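Student: I have a new model open on my screen and would like some help reading it. Could we go through it together?

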Amino acid sequence: MPNSIEMTTSEYKTLYLCAIVQKAQLINRSKYMAQRDVQNAALHDRVIAEAVKVLNQKDFDIYTNPGSEKNAWIGDNYPDIIMTQKGTSDIKFIIEVETSDSVNMHEAETQWKKYANEIKTTFYLLVPESFAFKAKQLAGQVGINVRFATFDALPSGQINIKFD
């Protein structure tokens with residue numbers, strides 16, 4: 001069964017209303033999700049898995065949504081990684097992983113801005129190290145408050161992750 005984040009009655013009512021229109025939204029969901037080729041989709045999911053390994057699992061419960069999975073959500077949002085205070089539903093961080101093909105204005109306007117405006121917590125973008133500057137520019141252009149982390153996929157297959 002998917003992990004749900006506990007919500008207030010007001011948030012639950014909002015989620016219920018969103019569920020009514022969710023089917024129609026799912027039809028158009030592709031415009032909100034990055035369209036990755038097979039190689040970048042695999043890298044995206046590997047970065048999520050590696051990030052979980054380096055994140056603080058002692059103090060936080062960590063939920064992931066790799067690929068098109070919907071394991072945990074906040075309202076109608078499915079960030080790649082959701083971190084809550086251990087044993088609570090208090091959301092402390094969300095992390096969205098981007099690959100070289102998804103660091104673009106479309107993602108910034110449709111997904112990053114949506115997450116930054118709708119989810120009131122610390123928001124990280126985890127991007128390829130070589131795309132950090134571009135991601136920071138795009139975030140500035142759409143006027144969002146976001147922190148950055150970077151990854152580097154080495155030829156050996158190892159993924160190095162750095163949080164600022």
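Here is a short conversation about this predicted model.

Student: How many helices and strands does the protein have, and in what order do the elements run?

Tutor: Happy to start there! The secondary structure comes to four helices and six strands. Reading from the N terminus on, the order of the elements is α-α-β-β-β-α-β-α-β-β.

Student: In what order do the six strands lie in the sheet?

Tutor: The sheet is an open one with mixed pairing. At its edges are β1 (60–64) and β6 (159–163), each of which pairs on one side only. From one strand to the next the twist averages 20°. The order across the sheet is β1-β2-β3-β4-β5-β6.

Student: Which residue in β5 is the bridge partner of Pro128?

Tutor: Start with the two strands: β4 covers residues 122–128 and β5 covers residues 147–153. They run parallel and are joined by five bridges. For Pro128, the bridge partner in β5 is Phe151.

Student: Which strands does helix α3 touch, and at what angle does α4 run to β5?

Tutor: Let's take the helices in turn. Helix α3 (residues 105–118) packs on the sheet, where it touches β3 (91–97) and β4, and its direction makes about 155° with that of β4. Helix α4 (residues 132–142) lies across β4 and β5. The angle between α4 and β5 is about 155°.

Student: Now a single residue: why does Ala135 count as buried?

Tutor: A good one to click on, and its place is in helix α4. A residue counts as buried when its relative accessible area is under 20%. Ala135 meets that cut-off because its relative accessible area is 0%.

Student: Which residues does Ala135 touch, leaving out those up to four places away in sequence?

Tutor: It helps to look beyond the local sequence here. For example, Ser102 is 33 residues from Ala135 in sequence, and their C-alpha atoms are 9.7 Å apart in space. As for contacts, with residues up to four places away not counted, Ala135 touches Val103, Trp112, Val127 and Phe148.

Student: For the whole protein, what share of contacts with a separation of 6 or more joins residues 24 or more positions apart?

Tutor: Let's zoom out to finish. Of the 164 residues, 40% count as buried. The accessible surface comes to about 9,400 Å², and 52% of that belongs to carbon and sulfur atoms. Among contacts with a separation of 6 or more, the share from residues 24 or more positions apart is 58%.

Methods. Residues numbered from 1 in each chain as written. Predicted model: local features only at pLDDT ≥ 70, side-chain atom pairs only at ≥ 80, totals over all residues. Heavy atoms only, no water. Pairing = 2+ DSSP bridges. Axes fitted to C-alpha atoms, helices over the stretch in contact; angles between N-to-C directions. Contact = heavy atoms within 4.5 Å. Buried < 20%, exposed > 50% of the residue type's maximum accessible area, 1.4 Å probe, protein only. Areas by Shrake-Rupley, 256 points an atom, 1.4 Å probe, with all protein chains shown as cover.
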